[in-house]
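The paragraphs below lead through a model and are best followed with the coordinates open.

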Amino acid sequence: MSGANLFGICGAALVGLGLYGLITNPEPLRKILAFNLLGTGVFLIFGLISRRAAAAGFPGDPVPQAMVITAIVVAFAATALAVALVLRLLEQTGRATLGADNPVSEIGNP
Amino acid sequence: MPDATTSGGILLVFAIVFPVAGVLLSLVVGGRQVERIALIILPCNLILASAIFFDLWRSGSQLIYIVGGWQPPLGITLRADGLSAAMMVTTAVVICAVGVFAHADFDTRAQPFETRAPFVFWVLLMAIGCAMNMIFLGGDLFTLYVALELLTFAAVPLVCLDGRAETIQAALRYLLFALLGSILYLAGTALLYGSYATLDIVLLSQRLRVETATLVAAVLMTVGLFAKTALFPLHIWLPPAHAGAPASASAVLSAIVVKGSFFLVVRLWFGVMPGLLGFTGAQLVGGLGAGAIIFGSVVALRQKRLKLLIAYSTVAQIGYLFLMFPLAFDSVSSQLQSSGALTGGMLLAMSHATAKAAMFMAAGLIYAALGHDRIAELGGAARAIPMTVFAFAIGGVCLIGLPPSGGFLAKWLLLDAAIATGQWSWAMVLLVGGLFTAGYVFIVVAGALGSPHEPLKLRVAVPKYQEAAALTLALLSLLLGFVALGPIDVLQVRPGAMMAALR
Amino acid sequence: MSSWFFADAGLVLLVLAIGASTIFARKAFDAAIAFVVYGLLLAIAWVRLSAIDVALTEAAIGGGMTGTLLLGAVARLRSAEPDNIRLGLPVRLATGFCCALVAAGLAGTLLLLPEAIPTLAPAAMENLVHTGLGNPVAGVLFAYRALDTLLEKVVLLLALLGVWSLAPNNAWNGIPGLRLYERPNSTLTFLAQILPPVGIVVGIYMCWVGANAPGGAFQGGTILAAMWLLVIIARLENAPSTGQLWLRIGLVLGPAVFLAAGLAGLVSANGFLAYPPGYAKPFIVTIEFALTISIAVVLAMLAAGPSKQVQQE
């Protein structure tokens with residue numbers, strides 16, 4: 001088993017960890033953290049693909065690497081938006097929760 | 001034989017470039033002009049979409065553009081087939097109507113300085129147009145991922161545009177679900193790239209083999225897209241988000257945004273991997289759709305507030321869209337066929353888009369006029385704002401599936417496919433769903449037609465052009481059934497069609 | 001099994017342990033700190049995967065910028081009421097089991113991939129000559145898949161607009177309330193005076209060198225953003241008000257130049273986002289410089305958050 005395979009398995013494990021955190025942790029900020037873990041796990045899978053796709057003489061396949069760079073930037077933007085939403089919620093209500101999980105909530109409407 | 005850029009291909013580039021330029025210009029030129037910029041970009045978008053549609057109809061073959069001159073698998077291709085063109089025109093029409101409607105709520109020239117909500121709304125509306133065009137035209141799975149993220153970031157701030165705590169919660173939940181969906185989709189693309197070294201849709205469909213990595217990728221991507229499309233049971237984010245947004249935003253969210261990820265599900269299964277689904281998979285997807293229809297309709301019937309009722313109706317209607325999977329499955333060839341069921345499903349998506357947008361607009365007008373949207377107290381609305389209630393009713397007619405609406409034609413095609421393949425259970429689901437829809441539409445319309453307890457006093461005078469926008473969309477959904485007489489074969493222009501003709 | 005394998009295995013175990021601690025830590029602050037460490041460890045992992053460009057991006061954006069954002073949020077959330085909802089143990093166990101299944105399934109799928117998987121690396125390297133670049137990742141980002149990069153810039157701008165839309169109505173176009181310290185301590189002030197000149201040089205260099213070696217617009221832009229944020233956090237300068245014209249132009253400059261170059265390709269080369277033969281490298285370097293400025297502005301403003309107070313006239 002090569003080093004790259006190790007990182008691929010690491011990525012898969014991180015995906016599992018991140019998914020668990022995203023689903024079970026009630027606080028939105030922890031969910032955002034878990035999402036980042038999930039994302040970096042998927043990126044490591046791309047990394048394994050890139051290393052394995054290294055044909056003779058090349059260190060890696062640049063296409064998956066470019067995709068990961070794009071995705072890292074997008075994930076940061078998503079985190080920034082999510083954090084801004086959480087902080088705004090904190091300002092408005094004094095708590096940062098996703099509220100009751102009951103979907104049939106009375107939601108006012110201007 | 002590799003693809004080559006067709007003569008109309010440059011239209012595809014403009015369909016992406018114009019809205020992007022609009023967004024960039026708006027950020028610099030500043031808030032008061034942004035509505036003017038949008039009112040130029042949105043009709044241009046409609047003209048481009050129509051041009052692409054007519055070019056496709058006339059020539060019978062796809063429009064292709066190879067970006068940068070780099071051939072796939074290294075480069076990216078933009079492709080417009082029948083499905084793309086039809087959805088582009090529908091999206092452009094709805095967005096233009098929303099643009100007209102939203103002028104009253106988001107007038108940028110009301111204040112002498114740039115104001116938050118109008119500025120954000122118009123820029124995000126253009127961005128949604130750009131993202132949807134990219135989804136319809138993108139020929140590469142990673143480009144489609146970027147387009148999906150574009151759509152998410154354009155849609156989420158619209159949910160909490162009014163700044164109340166409940167809508168911010170709804171937006172946060174929507175964002176988390178959407179991000180989960182995108183990252184699962186991305187994981188699938190990693191596995192597909194690892195197996196085939198390309199993410200181009202046509203190349204993938206040619207190179208596809210049935211093996212573990214491909215199956216796992218397909219499941220991951222589909223589950224991710226289900227979360228973004230709010231298919232039962234991953235639907236819990238949708239009702240608060242769509243009901244809490246301002247009326248123009250709800251119209252765009254329900255009518256257009258959810259169709260984006262749905263379109264990708266269709267592209268993935270009908271375009272890339274038609275032979276991978278299998279009978280069980282198709283029945284499973286149909287089962288989820290049926291669950292959505294039953295659940296969404298039952299909960300909609302119990303709603304006390306109009307916007308929540310319409311939002312749950314969207315959950316149910318999304319279920320209809322996924323019924324086309326078991327109905328398009330051909331057990332003989334064990335493949336998904338691009339035939340009547342697909343046409344029915346896409347037509348259903350188009351008529352739902354126009355009808356639902358009209359219904360949300362009408363709900364917004366009712367709220368503005370009456371000061372509330374409690375269904376039990378809608379009495380007198382029909383007399384006070386007849387055009388609005390009429391628009392709602394016509395939209396409802398289309399959702400129920402009465403002739404000559406687009407909904408009727410779509411359900412007829414789906415029933416046809418159900419009977420042809422002998423899948424009577426799905427036919428029953430379609431009919432029962434129609435009854436439920438009739439139920440909740442009737443409750444609202446009957447309520448509005450009733451007389452009020454005390455004489456009704458309108459809060460504000462509802463502008464006629466807003467009512468006209470809602471009514472136009474509703475009438476369009478009603479008349480969509482007449483496409484059977486003409487352009488419906490456009491939906492059959494697919495990449496596979498040419499290959500089949502060559503064999 | 002070479003010694004490198006044991007080093008990699010050790011790194012993987014460390015990454016998983018720190019990652020698990022971000023999920024299972026009791027306090028949000030511990031989780032955020034662990035996340036910053038996690039980001040830096042991941043950067044080392046990317047170096048081991050021979051993806052230096054990605055390692056730089058992960059360290060800068062994944063570890064640095066995201067960490068800043070999360071730490072700032074954790075600090076603000078300390079004043080929030082604690083949420084007492086916790087999912088019951090059976091639900092958590094069931095979810096954990098399902099997630100473990102997903103992880104195992106993914107890992108198994110990856111191990112089942114054949115030894116020689118198909119690749120685009122030779123095609124990418126062959127065509128690199130036409131672009132005049134020496135860095136294949138830059139070739140993919142700015143030549144082969146330029147449309148993705150252009151759209152991703154628009155995604156960044158939309159995210160920023162979304163963040164700005166969360167400002168109160170009367171604070172629109174005001175100053176972001178990036179105020180982590182009431183009175184910054186002397187170490188912070190010292191660093192904020194010493195680091196930015198160095199950082200700016202490093203950032204510009206990283207953008208310039210990205211055409212031929214690992215680096216590029218994203219990495220360079222992030223360093224510039226970080227320097228700007230450092231100066232703002234240390235209160236040596238105020239955050240700009242979000243309606244200022246120079247700020248808006250800075251945001252739009254990168255994608256606008258990219259779009260213009262793409263449209264120029266319609267006339268001077270054989271299509272949208274195509275480069276005239278022989279002139280590809282000057283085009284790409286210009287685009288990268290414009291993008292560096294825009295990325296710096298966007299990332300800094302994303303970290304700064306929505307405006308809180310009306311701009312001072």
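In this predicted model, the buried residues of helix 5 of chain C are covered by parts of two chains, for the cover includes helix 3 (62–93) of chain A as well as helix 6 and helix 11 of chain C. The buried residues in helix 5 of chain C are C:Ala121, C:Ala124 and C:Thr131, and because they span an arc of only 60° around the axis, they lie on the same side of helix 5 of chain C. The other side of helix 5 of chain C carries C:Glu126 and C:Val129, which are exposed. Just after helix 5 of chain C comes C:Gly132, whose phi is positive, at about 75°.

From this helix one can turn to the contact between the chains, in which 80 residues of chain C meet 68 residues of chain A. At least two residues each are supplied to the side of chain C that touches chain A by several helices of chain C, among them helix 5 (121–131), helix 6 (136–144) and helix 11 (280–304). The most comes from helix 3 of chain C, which gives 14 residues to that side. Sorted by class, the side of chain C that touches chain A consists of 55 nonpolar, 13 polar and 12 charged residues.

Chain A, the partner across this contact, has three helices and zero strands, and its pattern along the sequence reads α-α-α. Of its 110 residues, 75% count as buried, a state that requires 20 or more other C-beta atoms within 10 Å of a residue's own. Among the contacts in chain A with a separation of 6 or more, 52% join residues 24 or more positions apart.

Technical notes:
Residues numbered from 1 in each chain as written. Chains lettered and ligands numbered in written order. Predicted model: local features only at pLDDT ≥ 70, side-chain atom pairs only at ≥ 80, totals over all residues. Contact = placed C-beta atoms within 7 Å. Helix = DSSP H or I, 4+ residues; strand = E, 2+ residues; numbered from the N terminus. Nonpolar A, V, L, I, M, F, W, Y, C, P; charged D, E, K, R; others polar. Buried ≥ 20, exposed ≤ 12 C-beta atoms within 10 Å, placed from the backbone. Arc of directions from axis to C-beta.
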